[in-house]
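I am opening my notebook to record what I looked up in this structure, one kind of side-chain contact at a time.

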Amino acid sequence: PQGPKPAVDHFNLAIMKNKPQTGSEPDSATNGATGNLVDEQAEPGHINEGYDKRCTDLSKPILDIEDLRQRVAAKGKLEDYKYFEFENLPASMVFQSMTAALVQVMVVTGAYYFMQTTGANFTPQCKRYHAGVDMSKFGTDKTRMNAYACYVTVFAFWTYPLCCPLAVIAVYWKNLLDRRLFYECMINRIFLCFPTMSYLHSPVFWFLLTYLACGLSAIFYIKDSPTWEVRPFHELIFGIFAYLSPITAFMIVLFTHFSANADIVTLPNFIARDREKAVALLNECTYIRDKDFRIAFRRAEHLIEELASESRILLTLDTPELMQLVLDQHEKRTGPPSLRK
């Protein structure tokens, strides 16, 4: 093809549009395994979980790029600075996330500093529970199992304050990416709905909760250590509180900030600049749950990979075009908005 190649915006994706010459006959070698892809439209009230199927009819185009771009152009481009101030600026988003993560890391590392200064007083002598027993051989008797439990819980009690900063960094990094995706979808008339209580479905959250419960179980062995046999019991309680205070702050952050909804621009701030435009944008948006968006994006990737494997013309998609392609895949899976239940 002649002419300049289209410019690359945020995404550089190889995609191919196969339109055979008029009057050309389908090649038998291209039938079946290398045939074109046919979009599988969902029936009313049903969900289409399958990918687009292949078709041996080469007179049907794989993907009409021109139609896709015309539909994107007809919608018009929205300028994000008219709807957001600093929320969608990458530098501002990174700075805010790094600052918030740093503050939370400083809070939660208080438990680690406490263990470094007074941890020796909170470390029980686990060898007391297997005195006279050869621990080099694994066994399931009561003495060995009690000793194993002591070592495991004490290890969790010491190392949990080191896991918390890593979890904080991971949560804020995830939310940074989710916020950026939300704003890019929003400016392309897709309202991405994140679940508020997503931590309940996260294996990482349950792992950290189990890790904490295992570490706190060490209290049963700590209270029987020689140190606390001669010291007042209330000092042990205050020491445990000093350990749990930053851990509790970490758990609150984990509960309240595990979903990106806590960091997304609030409704009053969103409509503060131009209420009419903000409300009009909300009315124009297609509301998609995050898991449905993920499926639609994978369907679009699958389509692009299939097209690229037969590529003869290399084209690029910018962000609005990619978002429109994802929206098309979502509607093909769930049906048009008017047909959804």
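Is F182 buried or exposed at its relative accessibility? I noted first that I am working from a predicted model, and then I found that F182 counts as buried, with a relative accessibility of 5%.

**Entry: aromatic rings**

I looked up the ring pairs next, and the structure holds 14 aromatic pairs. One that I followed up is F182 with Y183, whose ring centres lie 5.6 Å apart and whose planes meet at 75°, so I wrote the pair down as edge-to-face, since planes over 60 degrees apart are counted that way. Y183 is buried like its partner, because its relative accessible area is 1%, and F182 comes out at 5%. I then checked whether these two rings belong to a wider group, and I found that ring pairs link F182 and Y183 with F84, F191, F270 and Y287 into a cluster.

I also looked for a charge placed against a ring, and I recorded that K174 lies over the face of F258, at 5.3 Å from the centre of that ring.

**Entry: salt bridges**

Before listing any pairs, I reminded myself that side chains of opposite charge can pair when their charged atoms come close. How many salt bridges does the count come to? I found nine salt bridges, and I followed some of them up.

I began with D67 and R71, which form a salt bridge whose closest N and O atoms are 3.1 Å apart. Both residues lie in helix α1, which covers residues 65–75, and they are four residues apart, about one turn of the helix. I looked up how open they are to the surroundings, and D67 counts as partly exposed at 32% relative accessibility, while R71 counts as partly exposed at 30%.

I then turned to R69 and E321, whose side chains meet in a salt bridge at 3.1 Å, N to O. R69 lies in helix α1 and E321 in helix α11 (residues 319–334), so this pair ties together parts that are 252 residues apart in sequence. I noted a contrast between the two partners, since R69 is partly exposed at 21% relative accessibility, whereas E321 is buried with a relative accessible area of 9%.

Where in the chain do E284 and R189 lie? Their side chains meet in a salt bridge at 2.9 Å, N to O, and the pair links distant parts of the chain, with E284 in helix α9 (residues 275–284) and R189 in the loop between α3 (142–186) and β3 (190–193), 95 residues apart. E284 is partly exposed, with a relative accessible area of 44%, but R189 counts as buried at 11% relative accessibility. I closed the entry by checking for shared partners, and I found that such salt bridges join D67, R71 and D328 into one network.

**Entry: cysteines**

I reminded myself that a disulfide is a covalent bond between the sulfur atoms of two cysteines. I searched for such bonds, and the structure holds zero disulfides. C185 is in no disulfide, and I noted that the nearest cysteine sulfur, which belongs to C285, is 9.5 Å away. I also looked up accessibility here, and C185 counts as buried at 0%, while C214 is partly exposed, with a relative accessible area of 25%.

Terms used:
Residues numbered from 1 in each chain as written. Predicted model: local features only at pLDDT ≥ 70, side-chain atom pairs only at ≥ 80, totals over all residues. Heavy atoms only, no water. Phe/Tyr/Trp six-rings, centres within 6.5 Å; stacked < 30°, edge-to-face > 60°. Buried < 20%, exposed > 50% of the residue type's maximum accessible area, 1.4 Å probe, protein only. Lys NZ or Arg CZ within 6 Å of the ring centre and 35° of its normal. Salt bridge = Lys/Arg side-chain N within 4 Å of Asp/Glu carboxyl O. Helix = DSSP H or I, 4+ residues; strand = E, 2+ residues; numbered from the N terminus. Disulfide = S-S within 2.5 Å.
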